[in-house]
Amino acid sequence: QVQLVESGGGLVQAGGSLRLSCAASGSFFSINTMGWYRQAPGKERELVARIFSGGSTNYADSVKGRFNISRNNAENTVYLQMNSLKPEDTAVYYCNADLLRTAGGYEYNYWGQGTQVTVSS
């Protein structure tokens, strides 16, 4: 069974930094895209950043220049370094990954359980 386990959320003052981590565990062949999404109260879940297997990245306009996504393929882990945090960054942050369970098999999408990030003004 594949699991994505997040860590690193918490409470921080505006202007501060946090680093989120997400590790994939279980039985699978490879990981393609890994990403972070967030959902604030009363809002839809939105993409924050994603990183493809080749290393290219996408960011939401709202976080460009402040957040950085990276991955360690050897450890099946994705990171989100969040700097210059703003109160509007407050949300539950979810890790997401597209995995191949077997070589040449189908790609499956997985979600982590979410980690709360709260930015106080």
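In what order do the elements of the protein run from the N terminus on? I took this up as my opening entry, working on a predicted model, and I read the order as β-β-β-β-β-β-β-β-β-β-β. My tally for the protein is eleven strands and zero helices.

Next I looked up the overall dimensions. The C-alpha trace spans about 50 × 25 × 25 Å along its principal axes. I noted a radius of gyration of 14 Å, which agrees with the value near 14 Å for a compact globule because the protein has 121 residues.

I then turned to contacts and burial. Of the contacts between residues at least 6 apart in sequence, 55% join residues at least 24 apart, and buried residues account for 40% of the 121 residues.

For the interior, I looked up the largest nonpolar core, which holds 31 residues, and I noted that Trp-36, Val-48, Phe-67, Val-78, Leu-80, Met-82 and Tyr-93 touch the most other members. The elements that each give two or more residues to this core are β3 (18–25), β4 (30–39), β5 (46–51), β7 (67–72), β8 (77–82), β9 (91–100) and β11 (115–120). I recorded β9 as the source of the largest share, five residues. As background, I wrote down that nonpolar side chains in soluble globular proteins tend to be buried together.

My last entry concerns the surface and the charges. The protein exposes about 6,400 Å², of which carbon and sulfur atoms supply 45%. I counted 10 positive and 9 negative side chains, and the centres of these two sets lie 2 Å apart.

Methods: Residues numbered from 1 in each chain as written. Predicted model: local features only at pLDDT ≥ 70, side-chain atom pairs only at ≥ 80, totals over all residues. Heavy atoms only, no water. Core = buried A, V, L, I, M, F, W, Y, C linked by side-chain atoms within 4.5 Å. Buried < 20%, exposed > 50% of the residue type's maximum accessible area, 1.4 Å probe, protein only. Helix = DSSP H or I, 4+ residues; strand = E, 2+ residues; numbered from the N terminus. Rg over C-alpha atoms; globule rule 2.2 N^0.38 Å. Contact = heavy atoms within 4.5 Å. Areas by Shrake-Rupley, 256 points an atom, 1.4 Å probe, with all protein chains shown as cover. Lys, Arg positive; Asp, Glu negative; His and termini not counted. Charge placed at Lys NZ, Arg CZ, Asp CG, Glu CD.
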